[in-house]
Amino acid sequence: MLICNVNNVSKKYEDKKVLDSVSFRLLENEILVFLGPSGCGKTTLLNIIAGIEKPDKGEIFILNHLVYSSYEGIFVPANKRGVGLVFQNYALWPHYNVFENIAYPLKIMKKSKNDIKTKVEEVIKLVNLTGKEKSYPSKLSGGEQQRVALARALIMKPKLLLLDEPLSHLDAKMNEKMRYEIKKLNSETGISMIYVTHDQREAMDIGDRIIVMNKGHIEQSDKPEVIYKNPQNEFVAKFIGDANIVKCEVVSRNNKNNIKLTDDVYIKNVNIKDNDSKITLCIRPEDIVLNNNFGIGKGKIIERIYRGNIIYYVLKLNDKNVLKVQTSTKEYYDLNEEIWFDINHYTIMN
């Protein structure tokens, strides 16, 4: 079932284009993450889907209902779209306690006291606020306030839940726990979600699919593992994880195409179009293997960074090229040591 369908949506503020013909689909039970830097348009897009902002052009369908069309002059207001929304700035009632803030949507619908009590207790437990039912927002930490906002959106069990950086105010441990809870909620209830973040780890942990945005348009949309292993361009490669971006030449030897990393380092027998003389590679640090005995070339270790379960090395190939390498702590090499290296995986980018 198609939960949300966005077609060619554009938005401009004065002369600045914030969204440029953005299109995507959200499927049932899916968590779709908008990932990108500040100012890329992801929050504006979320607000447009919610009905808080009006785009200049395009169409939006929610549950097969047309809620916006610049062509037909249709704009369904936010309170009639049937979506849940979690703001980054909480938007809590200061004169209501935690229980009352979460229960508010159910009271508006005139649900019974028993029904309200049961549902509120359930969602309070889900977001780890047990014992805070009678506390007021002014007495809560930023993380606790954000969890109240999340609980209030979840209480109605909407078919579509929109979340604008909902975990940004949580400490690292609670952030990780809430990622798990959001995934669990999606699995148990089937609520489809659109999740906005600038944090690549959140995106990778939470998203069934990630849309990487930049300057108002979509750079790449795919499963997290595909975007990480096969980024389409340099922006995506740098924004998702750590990456070696290497500008290379293609040389032909014995009717075989080889990628020239340096004067004496080649990746041999590569399937490349004959007209590609210069290409750009994305090589993840963990896809480079260090070895004392053999490889495609040698480099000199000029930096070593210990990070508990892994070690980062910087390998100098020549005056122009260096490679970042990630290994386990079992592989230990000395500074200024010359070492062989090999490359297990790379991506040729557009």
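Select strands β3 and β10 (residues 209–214) in this predicted model. The two strands pair in the parallel sense, and 4 bridges connect them. Within this pairing, Leu35 stands opposite Val212 of β10.

Next, add strand β9 (residues 192–197) to the selection; β9 runs parallel to β3 and is joined to it by 5 bridges. Here Ile31 faces Met193 as its opposite residue in β9.

Now select β3 alone, residues 31–35, and display its side chains. In a regular strand, side chains alternate between the two faces of the sheet. On one side of β3 lie Ile31, Val33 and Leu35, and on the other Leu32 and Phe34; both faces are covered, as all of these residues are buried. Because 5 of the 5 residues of β3 are buried, the strand is largely enclosed by the rest of the structure.

The tour then moves to the pockets. Select Val83, Gly84, Leu85, Pro105 and Met156, which lie nearest the centre of the largest pocket among its 19 lining residues. This pocket has a volume of about 600 Å³. Colour β7 (83–86), α2 (98–108) and α4 (142–154), each of which contributes at least two residues to the lining. By class, the lining of the largest pocket comprises 15 nonpolar, 3 polar and 1 charged residues.

Finally, turn to the second largest pocket, which holds about 290 Å³ of space. Select Glu122, Val123, Leu126, Lys157 and Leu185, the closest to its centre of the 14 residues that line it. Helices α3 (113–126) and α5 (172–189) each supply at least two lining residues. The lining of this second pocket divides into 6 nonpolar, 1 polar and 7 charged residues.

How values were computed
Residues are numbered from 1 along each chain as its sequence is written. This is a predicted model: local features need pLDDT of at least 70, side-chain atom pairs count only at pLDDT 80 or more; totals for chains, interfaces and linings use all residues. Side-chain values use heavy atoms; hydrogens and water are left out. Buried means under 20% relative accessible area, exposed over 50%, partly exposed in between (1.4 Å probe, protein chains only). Two strands pair if DSSP finds at least two bridges between them. On a 1 Å grid over the protein atoms alone, a cavity is a set of points where a 1.4 Å probe fits but cannot get out, and a pocket is an open set with protein on both sides within 12 Å along at least five of seven lines; lining residues have an atom within 4 Å of a point. Grid points are joined across faces, edges and corners, and a volume is the space filled by probe spheres set on the points. Ala, Val, Leu, Ile, Met, Phe, Trp, Tyr, Cys and Pro count as nonpolar, Asp, Glu, Lys and Arg as charged, and the others, Gly among them, as polar.
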